[in-house]
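Student: I would like a close look at one aromatic residue and its surroundings. Please start there and work outward through the rest of the fold.

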Amino acid sequence: MKSISVRELVFTALFVALVYIFTWLIKIQLPFAPNGGLIHLGNVPFFIACIFFGKRVGMTAGALGLGLFDVTSGWVAWSPMTVISALIMGYILAMFNFKRFAIKNYAVSIVLVAIVKVLTYYIGESIMFKSLLVPLASIPGNIIQIVVSAVIVAVLVPPMTRIMKNISLE
């Protein structure tokens with residue numbers, strides 16, 4: 001396994017903090033999903049970390065940033081689902097987009113990410129609530145959350161690519 005450089009550690013910490021802050025500051029509780037259903041923009045820096053810095057930084061930023069938000073904001077029961085889904089989502093995003101961002105690849109990865117998010121939370125909430133019906137209320141919010149973040153990132157990445165060309169972990 002490749003050792004972690006100080007530069008990679010700094011970018012990882014920066015993106016963990018950005019994911020946490022974007023989740024904490026910009027969020028909407030869905031009225032039709034009282035037990036869950038939080039839409040936030042924490043996925044924006046999470047997706048950007050995966051695209052520009054790869055699996056290790058992206059997966060860590062998503063899992064720690066989103067997981068820490070859950071633990072510190074009253075969503076502790078959801079934190080295992082959040083961490084698991086963020087790790088898988090980060091892996092998918094980085095595999096499809098790191099060092100080769102293209103809208104077609106990005107669109108495919110976003111569809112897969114949305115599926116992972118919906119399934120992870122559906123399974124976790126089915127266990128938590130001991131019901132196959134209750135978790136259905138979270139699905140629209142999970143999809144909206146991914147789609148909104150995906151569109152924002154799709155708009156930001158092309159101009160950021162020119163800037164980020166000179167910034168790498170190597």
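Student: What is the relative accessible area of Phe 101, and how is that residue classed in terms of burial?

Tutor: The model is a predicted one. In it, Phe 101 has a relative accessible area of 24%, so the residue is classed as partly exposed. The limits that matter here are under 20% for buried and over 50% for exposed, so a value of 24% falls in between.

The ring of Phe 101 has a partner. Seven aromatic pairs are counted in the model, and one of them joins Phe 101 to Tyr 106. Their ring centres are 5.1 Å apart and their planes meet at 50°, so the pair is classed as tilted. Stacked would need planes under 30 degrees apart and edge-to-face over 60. The two partners differ in burial: Phe 101 is partly exposed, whereas Tyr 106 is buried at 4% relative accessibility.

Tyr 106 leads into the interior. The largest nonpolar core has 33 residues, and Tyr 106 is among the four that touch the most other members, along with Phe 46, Phe 47 and Val 153. Five helices each give two or more residues to this core: H1 (6–25), H2 (43–72), H3 (79–97), H4 (103–129) and H5 (139–164). The largest share, 13 residues, comes from H2. Phe 47 shows how such a residue is surrounded. With residues up to four places away in sequence set aside, Phe 47 touches Tyr 106 as well as Met 89, Leu 93, Ile 110, Val 113, Ile 146, Ser 149, Ala 150 and Val 153. A second core, separate from this one, has six residues, including Phe 69, Trp 75, Trp 78 and Met 81.

H1 can be followed in more detail. With 20 residues at 1.5 Å a residue, H1 should span 28 Å, and its end C-alpha atoms are indeed 28 Å apart, so the two values agree. The buried residues of H1 are Glu 8, Phe 11, Thr 12, Phe 15, Val 16, Val 19 and Thr 23. These residues cover an arc of only 140° around the axis, which puts them on the same side of H1. The spacing follows a general pattern: an α-helix has 3.6 residues a turn, so residues three or four places apart point the same way. On the other side of H1, Val 6, Leu 9, Val 10 and Leu 25 are exposed. The buried residues of H1 are covered by elements that include strand E1 (27–29), strand E2 (38–40) and H2.

Two of those buried residues, Phe 11 and Phe 15, form an aromatic cluster together with Phe 53. Ala 13 also lies in H1, but at 46% relative accessible area Ala 13 is partly exposed. The C-alpha atoms of Ala 13 and Val 57 are separated by 8.7 Å, although their positions lie 44 residues apart along the chain.

Glu 8 adds a charged contact between H1 and H2. Side chains of opposite charge can pair when their charged atoms come close. The model has one salt bridge, formed by Glu 8 and Arg 56, with the closest N and O atoms 2.8 Å apart. The pair links distant parts of the chain, Glu 8 in H1 and Arg 56 in H2, 48 residues apart. Glu 8 is buried, with a relative accessible area of 3%, while Arg 56 is partly exposed at 30%.

Ser 79 belongs to H3 and is buried, at 12% relative accessibility. Apart from neighbours within four places in sequence, Ser 79 is in contact with Gly 67, Asp 70 and Val 71. Ser 79 and Tyr 20 are 59 residues apart in sequence, and their C-alpha atoms are 13 Å apart in space.

The loops remain. Lys 99 lies in the loop between H3 and H4 and has a phi near 65°, a positive value in a residue other than glycine. Lys 99 is exposed, with a relative accessible area of 61%. Lys 130, in the loop between H4 and H5, also has a positive phi, near 50°, and counts as exposed at 76% relative accessibility.

Technical notes:
Residues are numbered from 1 along each chain as its sequence is written. This is a predicted model: local features need pLDDT of at least 70, side-chain atom pairs count only at pLDDT 80 or more; totals for chains, interfaces and linings use all residues. Side-chain values use heavy atoms; hydrogens and water are left out. A nonpolar core is a set of buried Ala, Val, Leu, Ile, Met, Phe, Trp, Tyr and Cys residues joined through side-chain atoms within 4.5 Å. Buried means under 20% relative accessible area, exposed over 50%, partly exposed in between (1.4 Å probe, protein chains only). Helices (H or I, at least four residues) and strands (E, at least two) are DSSP runs, numbered from the N terminus. Contact means heavy atoms within 4.5 Å. The expected span of a helix is 1.5 Å times one less than its number of residues. The arc is that of the directions from the helix axis to the C-beta atoms. Rings of Phe, Tyr and Trp (its six-membered ring) pair if their centres lie within 6.5 Å; planes under 30 degrees apart count as stacked, over 60 as edge-to-face and the rest as tilted. A salt bridge is a side-chain nitrogen of Lys or Arg within 4 Å of a carboxyl oxygen of Asp or Glu.
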